[in-house]
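Me: I've got a model open and I'd like to learn how to read its features. Can you walk me through it?

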Amino acid sequence: MDDLKNSLGFRYLQETKFDAQTLWHKPRLDITPAQPYKQYAEAETIKLPTDWEMDKSLHEALQSRRSCRRYTDIPLSMENIAMLLWASQGISGRAGNFFFRTAPSAGALYPVETYLSIQNVESLPPGLYHFQPADFGLERIIDGFAGKRVAEAALGQNFMAKAGVVFVWSAILRRNFSKYGHRGLRYVMMDAGHICQNLLLAAEGLALGACPVAAFYDDQLNSLFGLDGEEESVVYLAAVGAKE
């Protein structure tokens with residue numbers, strides 16, 4: 001137990017616990033909030049289709065979902081990409097100034113950003129893209145196939161280079177920490193989990209294979225997507241492709 005108590009993760013959980021005696025007396029951290037959406041103003045934006053259908057019911061998708069690491073060379077469609085993005089991070093409603101999405105987020109702050117390594121998708125050139133939920137479009141930020149570089153950054157998991165697309169989720173920490181302080185990291189990671197599970201179920205509903213990945217060289221991936229690793233840093237990945 002001593003080894004556990006000395007771990008960084010254990011100390012973080014202990015130091016961010018809530019209790020009724022001290023919760024309302026703890027000083028708030030003074031962190032400037034971030035904008036609710038990240039935009040690449042100079043990037044070409046590709047609008048995504050909004051008509052699609054799933055092949056399976058939710059019950060079937062839940063029952064049959066498994067991590068899949070073997071993909072064929074059949075390209076994904078634009079409709080596939082649109083459905084996966086909507087299911088994982090699409091805007092589903094509004095209340096005042098709050099825009100709600102398909103995956104829950106503490107305080108409706110949505111600190112997680114979605115990037116894509118497009119590798120084998122009809123009508124979309126290979127490259128690195130950023131998802132813009134407000135306009136339901138993709139912003140192209142880097143041209144060219146990057147699958148091998150993504151796989152190398154994911155500890156050499158080569159199956160990722162063979163996927164039709166790799167989803168890369170980053171966190172803009174101050175978007176969450178400005179409200180929740182030290183405890184905010186818990187919520188950021190929960191958000192990423194909600195988003196990924198929505199993606200996995202949508203992939204299964206579309207008869208596609210998907211696999212979440214949490215093992216990667218953080219700053220190698222940050223560098224690939226032009227992230228500083230401090231204000232914004234990669235937190236989770238998932239590969240999606242046509243099942244072999």
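Reply: Sure. Start with accessibility: a residue counts as buried under 20% relative accessible area, exposed over 50%, and partly exposed in between. Keep in mind that this is a predicted model.

Me: Let's try that out. Is aspartate 51 buried or exposed?
Reply: Aspartate 51 has 55% relative accessibility, so it counts as exposed. Look for it in the loop between strand S1 (44-47) and helix H3 (58-64). Aspartate 51 also belongs to a negative surface patch, together with Glu53, Asp55, Glu79 and Glu122.

Me: And what about leucine 62?
Reply: Leucine 62 sits in helix H3. Its relative accessible area is 48%, so it is partly exposed. In sequence, leucine 62 is 140 residues from alanine 202, yet their C-alpha atoms are 9.8 Å apart in space.

Me: Now salt bridges. How many are there in the whole structure?
Reply: The general idea is that side chains of opposite charge can pair when their charged atoms come close. A search of the whole structure turns up 7 salt bridges. One of them joins glutamate 232 and lysine 38, at 2.5 Å from N to O. Glutamate 232 is in strand S9 (residues 232-242) and lysine 38 in the loop between H2 and S1, so this pair ties together parts 194 residues apart in sequence. Both glutamate 232 and lysine 38 are buried. The side chain of lysine 38 also makes a polar contact of 2.7 Å with that of tyrosine 115.

Me: Which residue forms a salt bridge with arginine 70?
Reply: That's glutamate 244, with the closest N and O atoms 2.8 Å apart. This pair links distant parts of the chain, 174 residues apart: glutamate 244 is in the segment after S9, and arginine 70 is in the loop between H3 and helix H4 (78-89). Here both glutamate 244 and arginine 70 are exposed.

Me: Last one: how do I read phi?
Reply: Most residues other than glycine have a negative phi. In this model, alanine 108 has a positive phi of about 55°, and tyrosine 110 has a positive one near 50°.

Me: Where is tyrosine 110, and is it buried or exposed?
Reply: Tyrosine 110 is in the loop between S3 and S4, and alanine 108 is found in that loop between strand S3 (98-101) and strand S4 (112-118) too. With a relative accessible area of 8%, tyrosine 110 is buried.

Terms used: Residues are numbered from 1 along each chain as its sequence is written. This is a predicted model: local features need pLDDT of at least 70, side-chain atom pairs count only at pLDDT 80 or more; totals for chains, interfaces and linings use all residues. Side-chain values use heavy atoms; hydrogens and water are left out. Patches are made of residues with over 30% relative accessible area and no salt bridge: like charges are joined within 9 Å, nonpolar side chains (Val, Leu, Ile, Met, Phe, Trp, Tyr) within 5 Å. Accessible areas come from the Shrake-Rupley method with a 1.4 Å probe; for residues, only the protein chains shown count as cover. A salt bridge is a side-chain nitrogen of Lys or Arg within 4 Å of a carboxyl oxygen of Asp or Glu. Lys and Arg count as positive and Asp and Glu as negative; His and the chain ends are not counted. The place of a charge is taken as NZ of Lys, CZ of Arg, CG of Asp or CD of Glu. Helices (H or I, at least four residues) and strands (E, at least two) are DSSP runs, numbered from the N terminus. Buried means under 20% relative accessible area, exposed over 50%, partly exposed in between (1.4 Å probe, protein chains only). A polar contact is a pair of N or O atoms within 3.5 Å; within protein, one must be able to donate a hydrogen and the other to accept it, and residues adjacent in sequence count only if both atoms are side-chain atoms.
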